[in-house]
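Dear colleague,

I am passing on the structure below, together with some notes on what came out of it. Please read the notes with the coordinates open beside them.

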Amino acid sequence: MSQTTTTLPLLADLPDPQGYYGRFGGRYVPETLMAALEELETIYASVRHDPEFHAELNELFQHYVGRPTPLWEAKRLAETLGGKARIFLKREDLCHTGAHKLNNTLGQALLTKRLGKKRVIAETGAGQHGVAAATAAALLGLECEVFMGAEDIKRQELNVFRMKLLGSKVREVRSGSMTLKDATNEALREWMARVEDTHYIIGSCIGPHPYPMIVRDFQSVIGRESRKQFNEQVGGLPDAVIACVGGGSNSMGLFAPFYEDWDVKMFGVEAEGEGFLTGRHACSIGNREVGVFHGARLFVLQTPDGQITPAHSISAGLDYPGTGPEHCFYAESGRATYLSVTDTEAIEACRLLCRTEGILPAIESAHAVAALPKMLPQLNEGAKVILGLSGRGDKDVYTLRKYFEE
Amino acid sequence: MNRIDSAFEKRRAEGRAAMIYYITAGYPDVATTETAIDGLAEAGADVIELGIPFSDPIADGPTIQEASKVALENGITVQAILDLTGRIRQRHPDLAILLFGAYNPILHYGEQAFIDAASAAGADGLLVPDLPPEAAAKLHTAAEAAGLAMVFLVAPTTTPERARKIAEASRGFIYYISLKGVTGARAEMPPDLEPRVKAVKAMTRKPVAVGFGVSEPAQAKAIAKFADGVIIGSALVKLVGANAGKPELKERVKAYAGGMIES
């Protein structure tokens with residue numbers, strides 16, 4: 001794709017003033033939340049280009065999160081995969097709390113203060129976003145309550161304890177499938193009841209406008225740093241970027257700053273769970289069905305009667321039945337290509353990265369590693385690729401042990 | 001004239017508030033819903049809100065969440081609800097029927113197809129709580145052309161400027177949400193409800209009906225003094241659930257609704 005032939009909108013026009021990315025996005029919520037979303041949009045517009053706000057956030061990024069995170073050339077990994085490409089890992093796993101999630105929660109916690117609110121709520125699946133929200137709340141002196149499905153609480157006991165240790169309350173959600181989507185429903189309900197004193201920190205590029213834009217902007221530090229580091233370390237631009245996609249926050253953070261570099265190819269990797277044909281997967285883009293879910297128009301897994309169906313993935317962070325609207329737009333417009341890998345492929349990729357680079361990735365992030373053999377044949381020989389390594393795998397050690405020892 | 005409009009007009013002439021009942025379609029099964037609606041009609045209900053269950057109902061409290069879940073497990077579909085609408089219409093020619101449900105199942109059915117089918121079945125209007133007027137253009141236009149009233153909601157958090165736009169867009173009546181939060185019976189109504197409803201009434205000549213949290217005759221009576229309609233939801237759904245399959249279901253529903261109407 002080159003700039004002269006593309007008819008894509010510019011990044012500044014994504015989303016449009018109504019919050020749409022092409023035909024995706026928008027604001028589909030109960031009336032009770034409309035005023036809060038309008039207020040959030042107004043306040044965010046006022047801080048978006050406010051040097052003082054960004055100075056404060058950058059200070060936290062540098063001295064608290066540990067940014068910039070390294071861009072590491074994975075030579076042994078590249079060699080193992082055939083040696084025809086150079087692969088660079090953007091090490092978000094080295095962020096404080098172990099994943100990219102803190103970039104967004106710190107940004108939104110600062111925003112909460114600008115909103116004049118003292119309490120935040122958040123939804124979480126595996127607990128990574130919950131821990132990141134609890135961490136930001138502890139640091140900035142905000143009250144925090146995290147909504148988590150009863151099923152996920154069982155699977156992630158340690159993260160539940162960690163959130164409590166950080167001073168957050170954890171609310172067990174027993175409705176629906178008792179996982180991430182239901183935790184999100186319950187957080188939205190709580191927000192409706194306490195919208196005046198509470199800000200809802202959504203953890204991914206999902207939800208009603210302006211959330212997908214806000215989360216993208218705070219996560220874009222990943223792509224901005226990558227672009228600069230690549231130019232300094234290698235020169236010029238990479239040929240491609242690749243990252244895993246659940247709701248889509250780490251991938252959108254990596255992709256967006258390269259959006260107008262029309263020659264840089266983009267690859268998102270969805271979780272194929274037990275395999276697309278089994279129906280037990282999280283490939284909402286691969287499935288290409290449009291719906292309205294959690295406040296936005298997007299690709300979502302659903303029944304022929306428009307009921308949302310649960311997603312399936314071994315990685316809780318990708319176990320979500322929809323994909324953020326901006327990704328849906330990237331997919332439909334052809335700006336990015338979406339691949340998928342199964343649970344087994346992702347787990348094998350965890351071990352591969354351990355053994356070639358001495359890095360244990362989160363199973364989520366390992367999906368991107370596992371997709372490299374599917375992506376590299378689409379690039380020229382000698383291609384240079386940046387891979388978003390969104391989190392570390394310490395939380396997945398039990399799952400991995402179970403897999404490899406059985 | 002649309003049955004919703006005539007119902008409010010009739011009650012207004014009598015100096016009374018219209019009584020509106022929400023019921024989750026297919027909870028726990030279609031036959032129960034049908035019998036319960038017979039009871040409501042016999043008690044003198046003005047409008048039935050026939051709830052289309054959704055897997056992820058973000059505006060609903062525990063009672064309607066559970067009802068939706070059970071109804072879906074028991075196989076309720078949008079088509080079955082449209083068929084049910086047709087049967088109710090035949091038995092109760094004057095009862096106003098408002099289809100009430102989340103946007104996604106309607107979108108998936110096809111917006112124009114849904115409006116056509118709803119209109120053919122004899123529905124009088126629709127209310128899609130997660131579809132604010134600014135996103136509703138396509139459905140609203142189709143509804144308007146078919147003579148279906150599209151009802152919009154005003155919340156306690158709605159700014160006066162928005163409330164005016166919503167009042168203008170809404171057809172049939174304006175649904176005033178009594179409190180912040182989700183649906184479900186509450187022991188007490190907010191103390192400033194009356195002035196807030198009056199403020200909306202001052203913006204429009206359309207009827208304003210109050211819902212969310214109303215369960216007791218005393219609450220209905222108090223609200224009827226300043227609102228044009230009173231909406232009962234979760235408390236009725238709970239009653240229907242508790243009496244499903246029992247021979248006295250219809251009489252119990254009728255007695256409950258009758259108690260509300262008498263008040």
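How many bridges join strand 6 of chain A to strand 7 of chain A? Five bridges join strand 6 (residues 143-149) to strand 7 in chain A, and the two strands run parallel. One of the pairs can be named, since A:G149 has A:V173 of strand 7 as its bridge partner.

Before going further, some conventions. This is a predicted model, in which local features need pLDDT of at least 70 and side-chain atom pairs count only at pLDDT 80 or more, whereas totals for chains, interfaces and linings use all residues. Residues are numbered from 1 along each chain as its sequence is written, while chains are lettered from A and ligands numbered from 1 in the order in which they are written. Helices (H or I, at least four residues) and strands (E, at least two) are DSSP runs numbered from the N terminus, and two strands pair if DSSP finds at least two bridges between them.

**Chain A**

Strands 6 and 7 of chain A belong to an open sheet of four strands with the order 7-6-5-8 and parallel pairing. The edge strands, each of which pairs on one side only, are strand 7 (169-173) and strand 8 (198-201) of chain A. Neighbouring strands of this sheet are turned by 25° against each other on average, direction ignored; axes here are lines fitted to C-alpha atoms, for helices over the stretch in contact, and angles run from 0 to 180 degrees between N-to-C directions. Helix 4 of chain A packs on the sheet by touching strand 5 (119-124) and strand 8, and its direction makes about 165° with that of strand 8. Helix 5 of chain A also packs on this sheet, touching strands 5, 6 and 8, at about 175° to the direction of strand 6.

Chain A is divided into domain 1 (21-61 + 101-215) and domain 2 (66-98 + 220-405), with bounds that come from an automatic or database domain assignment. Their C-alpha centres lie 22 Å apart. The contact between them (C-beta atoms, placed from the backbone, within 7 Å) takes 36 residues from domain 1 and 33 residues from domain 2. Among the elements that give two or more residues to the domain 1 side are helix 4 (101-114) and helix 5 (128-140) of chain A.

**Where the chains meet**

The contact between the chains takes 27 residues from chain A and 31 residues from chain B. On the chain A side, helix 8 of chain A gives the most, with six residues.

**Chain B**

Chain B has 12 helices and eight strands. Its radius of gyration is 17 Å, close to the 18 Å that the globule rule gives for 263 residues, so chain B is as compact as a globular protein of that length; the radius is taken over C-alpha atoms, and the rule is 2.2 Å times the number of residues to the power 0.38.

The strands of chain B form a closed barrel of eight, running 1-2-3-4-5-6-7-8 with parallel pairing, and the twist averages 25° from one strand to the next. Strand 1 (residues 18-24) and strand 8 (residues 229-232) of chain B pair in the parallel sense over four bridges, and within this pairing B:I231 of strand 8 is the bridge partner of B:I20. Helix 1 (residues 3-14) of chain B packs on the sheet, with strands 1, 3 and 8 of chain B among those that it touches, and its direction makes about 120° with that of strand 3.

With kind regards

How values were computed
Contact = placed C-beta atoms within 7 Å.
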